[in-house]
Amino acid sequence: MKTQPRDNDQSLSGSSQTMEKVQAKKVLVNKGNCEETGRAGEGKMSSSRKIYMDYNATTPLAPEVIQTVSEAMQEAWGNPSSSYTAGQRAKEIISEARQSLARMVGGEPQDIIFTSGGTEANNLVIHTAVKYFREGNKQRHDGLRDQKKTQGTYPHLILSCIEHDSVRLPVEHLVKEHEAEATFVPVSKASGQVEVDDVIAAVRPTTCLVSVMLANNETGIVMPISEVSQQIQALNQRRVASGLPRVLVHTDAAQMIGKGRVDVQDLGVDYLSIVGHKFYGPRIGALYVRGPGIVTPLHPMLFGGGQECNFRPGTENTPMIAGLGKAAELVNKHCEAYEAHMRTIRDYLEERLKAVFEEQGIHFSCQLKGSKRLCNTSNFSILGSGLQGRLVLSRCKTLLASVGAACHSEKGDQPSSILLSCGIPYHVAQNALRLSVGRDTSKEDVDLIVEDLKQAVAQL
């Protein structure tokens, strides 16, 4: 019986035989429990059979990515800084991967800095913004004795109130240590989006960074980043003329890549974070920087051998970078097909949920008028006492999903702060489930998990 979703790029490109071999052996690893999954149409549903619908938490490696990583381990094991064949092959692979990532986001290869993941990329941006402000502040004070608009004050950062912890926590740490000030802009209860006017209204003379995620990992709501950037660019022209620091713009694109078009030229951002394991790649990442160190400041957090143009030193992880490049290549080739398929399956999922639970009561926290959302994400609550999301999942025999962000899994029955920020009532947010479909999730999978949810609710 077909269960664990697989990357469907092989069928898109015509290489279905390879995919069938991979699917037959695919093993699902979820929270430390390994379970062999079956094939579509083979027997009846059993308690060991699982259907994965938590792709916003992580995705499996695409078969092509696994092959690319394996080949790089064998053929490009050398140090990329070395002159012998294995080292030069490694350097070539890294260059090719950099080009693939640049094409994926609409930038230039020199704009891509490889990192260990999204958390490092986000921290690197925040570290840079604070240092950029301090250095500029010192120069203004030294060069213009009568210019004291920002002298002796803290750098100010603006975030949305729904940012990922890898953005929110480092900023909160800086505030706690009296090294920065921050404003957390709320989202509209009507749209789930950050309001552009609210962001601009929060700007101070000491503001150095605006960081708003491109799409929320729990609701799937897409944020108006292009509009924010346009307003900040106009504001920067006036600020530079008056001797104030430029406001830098960053977006964490972890959830959008592979599910919709991402173009840094349209977005107008200075920085964009890339997370491999969200689009069928390995667990490393990258940071797009518009002209790093020339047009846009970038200050290293680490110091060492000078790799990545001294912005991120350390001998490159060639196999994982190769895999990330291959994952980007798949997105470049098939993103529209991926997006169309996932939207079809998500819409079918919500239709089935409404049909089964409408009489009992179901609330979709992700369906907000006037807002765009990710093609694969549905956040909903089955209404009723004793139907907290975690309790429902604990009764499910087939479904593997979550109540929200995986990094908040230790919070028990406490409702998601993201949903509460969006104006979802406490008792509704407490019952929330987030299902996120993948490239190969099928309507048959949806039918099975809706029945699974139905039996779980009946038990409770």
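In the predicted model, helix H10 bends by about 80° at His 334. The end-to-end reach of H10 can be set beside this bend: a straight helix of 40 residues would span 58 Å at 1.5 Å a residue, whereas H10, which runs over residues 318-357, spans only 49 Å between its end C-alpha atoms. Helix H4 offers a second case for the comparison, since its 21 residues reach 31 Å from the first C-alpha to the last, close to the 30 Å expected at 1.5 Å a residue. For helix H8, residues 225-241, the expected span of its 17 residues at 1.5 Å a residue is 24 Å, and its end C-alpha atoms are 24 Å apart, so the two values agree. The chain to which these helices belong contains 14 helices and 14 strands, and 57% of its 460 residues are buried. Among contacts in the chain with a separation of 6 or more, 72% are accounted for by residues 24 or more positions apart.

Two packed helices are described by the angle between their axes and by the distance between the axes. Helix H4, residues 85-105, packs with H10 at an angle of about 35°, and their axes lie 8 Å apart. The crossing in which H4 passes H10 is left-handed. On the side of H4, the contact is made by Ala 90, Ile 93, Ile 94, Ala 97, Ser 100, Leu 101, Arg 103 and Met 104, and on the side of H10 by Thr 318, Ile 321, Ala 322, Leu 324, Gly 325, Ala 328, Glu 329, Val 331 and Asn 332. Sorted by character, the residues of this contact comprise eleven that are nonpolar, four that are polar and two that are charged.

The buried residues of H4 are Ala 86, Gly 87, Ala 90, Ile 93, Ile 94, Ala 97, Arg 98, Ser 100, Leu 101, Ala 102, Met 104 and Val 105. These buried residues pack against H10 and also against helix H3, strand E4 (112-115), helix H9, strand E9 (271-275) and strand E10. After H4 comes Gly 106, which has a positive phi near 80°.

Pro 80 is placed in the loop between H3 (63-75) and H4, and it counts as buried because its relative accessibility is 7%, below the 20% limit for that class. With residues up to four places away in sequence left out of the count, Pro 80 touches Gly 87, Gln 88, Ala 90, Lys 91 and Ile 94, as well as Thr 315, Glu 316 and Thr 318. Although Pro 80 and Glu 316 are 236 residues apart along the chain, their C-alpha atoms are separated by 7.2 Å.

Another buried loop residue is Gly 276, with a relative accessible area of 0%, and its place is in the loop between E9 and E10. Apart from residues up to four places away in sequence, Gly 276 touches Gly 281, Pro 282, Ile 284, Gly 285 and Leu 324. The C-alpha atoms of Gly 276 and Gly 117 are separated by 7.4 Å, while the two residues stand 159 residues apart along the chain.

In H8, the buried residues are Ile 225, Val 228, Ser 229, Ile 232, Leu 235, Asn 236 and Arg 239. What covers them includes helix H7 (196-201), strand E7 (207-211), strand E8 (248-252) and H9 (264-267). Just after H8, Gly 243 adopts a positive phi of about 85°. The loop between H7 and E7 holds Ala 202, which is buried, with a relative accessible area of 12%. Neighbours within four places in sequence being set aside, Ala 202 is in contact with His 156, Ile 158, Thr 183, Val 185 and Thr 207. The C-alpha atoms of Ala 202 and Thr 183, which are 19 residues apart along the chain, are separated by 7.0 Å.

Most residues other than glycine have a negative phi. In Cys 309, however, phi is positive, at about 55°, although the residue is not a glycine. Asn 310 likewise has a positive phi, near 70°. Cys 309 lies in the loop between E10 (285-289) and H10, and the place of Asn 310 is also in the loop between E10 and H10. Cys 309 is classed as exposed because its relative accessible area is 63%, over the 50% limit for that class.

Conventions
Residues numbered from 1 in each chain as written. Predicted model: local features only at pLDDT ≥ 70, side-chain atom pairs only at ≥ 80, totals over all residues. Heavy atoms only, no water. Helix = DSSP H or I, 4+ residues; strand = E, 2+ residues; numbered from the N terminus. Expected span 1.5 Å × (residues − 1). Bend = angle between axes of the 7 residues up to and from the residue. Axes fitted to C-alpha atoms, helices over the stretch in contact; angles between N-to-C directions. Left-handed = near helix turned anticlockwise from the far one by under 90°. Contact = heavy atoms within 4.5 Å. Nonpolar A, V, L, I, M, F, W, Y, C, P; charged D, E, K, R; others polar. Buried < 20%, exposed > 50% of the residue type's maximum accessible area, 1.4 Å probe, protein only.
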